[in-house]
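Subject: Structure for you to look at

Hello,

Here is the structure I promised to pass on. Please open it alongside this note.

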Amino acid sequence: MQFIDPGGFRNEMSLQQAVTTPDGTGGHDESWNEIATLFAAVEPLAATARFGAAQEHETVTHRITLRFRDDLQSGMRLVKQGRVFAVVNVHDPDETGRYLVCRAREEGR
């Protein structure tokens, strides 16, 4: 069992969900609606860089731990002071319904 210290939930974050609307030409426009403001612990896990298509592609992954919510799922995002974290997966580390651990990819880095 993983020990989680709720005192480490010091990062105020906005939980957002994508909303798509038809653009009238067969595609869609995407916007983000804020669902909640919450506090979480954010830990960087790995940073990788690869070169392709004449440009460098960097990926930074994080573990974001927060209190349990039943509406958080992959495809959503968490935003902290302009930094955007795309939620890749979500799990309850000890199956007690107290906390969630998200693997997230930082976008725009």
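Below is what turned up, from the overall fold down to single residues.

Keep in mind that this is a predicted model.

**Overall**

The protein has 109 residues, and 31% of them count as buried. Its secondary structure comes to 0 helices and 6 strands. Read along the sequence, that gives β-β-β-β-β-β. The C-alpha trace spans about 50 × 35 × 25 Å along its principal axes. Take the contacts with a separation of 6 or more: 48% of them join residues 24 or more positions apart.

The surface comes to about 7000 Å² exposed, with carbon and sulfur atoms supplying 45% of that area. On charge, there are 12 positive and 16 negative, and the mean positions of the two sets are 6 Å apart.

**The core**

The largest nonpolar core holds 14 residues. M13, L38, I64, L66, L72 and L78 have the most contacts inside it. Several strands feed this core: β1 (11–22), β2 (28–52), β3 (55–67), β5 (83–91) and β6 (99–107) each supply at least two residues. The largest share, 3 residues, comes from β6.

M13 deserves a look on screen. Leaving aside residues up to four places away in sequence, M13 touches A36, T37, L38, A40, V42, I64, L78, V79, K80 and F85. Three of these partners, L38, I64 and L78, are also on the list of residues with the most contacts inside the core.

**H62**

H62 sits in strand β3. Is H62 buried or exposed? Its relative accessible area is 3%, under the 20% cut-off, so H62 is buried. Again leaving aside residues up to four places away in sequence, H62 touches V42, E43, P44, L45, R83, F85, C102, R103, A104 and E106. V42 and F85 are contacts of M13 and of H62.

**One aromatic pair**

A search of the whole structure finds 1 aromatic pair. The ring centres of F9 and Y99 are 5.9 Å apart and the planes stand at 80 degrees, so the pair is edge-to-face. F9 lies in the segment before β1 and Y99 in strand β6, so to speak two distant parts of the chain, 90 residues apart, linked by the pair. Both F9 and Y99 are buried.

**The loops**

Two residues in the loop between β4 (77–80) and β5 are worth finding: Q81 and G82. Q81 has a positive phi of about 50 degrees, although it is not a glycine. Most residues other than glycine have a negative phi. Q81 is exposed, with a relative accessible area of 75%.

Its neighbour G82 is at 65% relative accessibility and counts as exposed. G82 and M13 are 69 residues apart along the chain, yet their C-alpha atoms are separated by 9.9 Å.

What is the phi of E95 near? The value is near 60 degrees, again positive in a residue other than glycine. E95 is found in the loop between β5 and β6. At 67% relative accessibility, E95 counts as exposed, because the cut-off is over 50%.

**Where to start**

I would open the model at M13 and its contacts, then turn to the F9 and Y99 rings, and finish with the loop that holds Q81.

Best wishes

Methods:
Residues numbered from 1 in each chain as written. Predicted model: local features only at pLDDT ≥ 70, side-chain atom pairs only at ≥ 80, totals over all residues. Heavy atoms only, no water. Core = buried A, V, L, I, M, F, W, Y, C linked by side-chain atoms within 4.5 Å. Buried < 20%, exposed > 50% of the residue type's maximum accessible area, 1.4 Å probe, protein only. Helix = DSSP H or I, 4+ residues; strand = E, 2+ residues; numbered from the N terminus. Contact = heavy atoms within 4.5 Å. Phe/Tyr/Trp six-rings, centres within 6.5 Å; stacked < 30°, edge-to-face > 60°. Areas by Shrake-Rupley, 256 points an atom, 1.4 Å probe, with all protein chains shown as cover. Lys, Arg positive; Asp, Glu negative; His and termini not counted. Charge placed at Lys NZ, Arg CZ, Asp CG, Glu CD.
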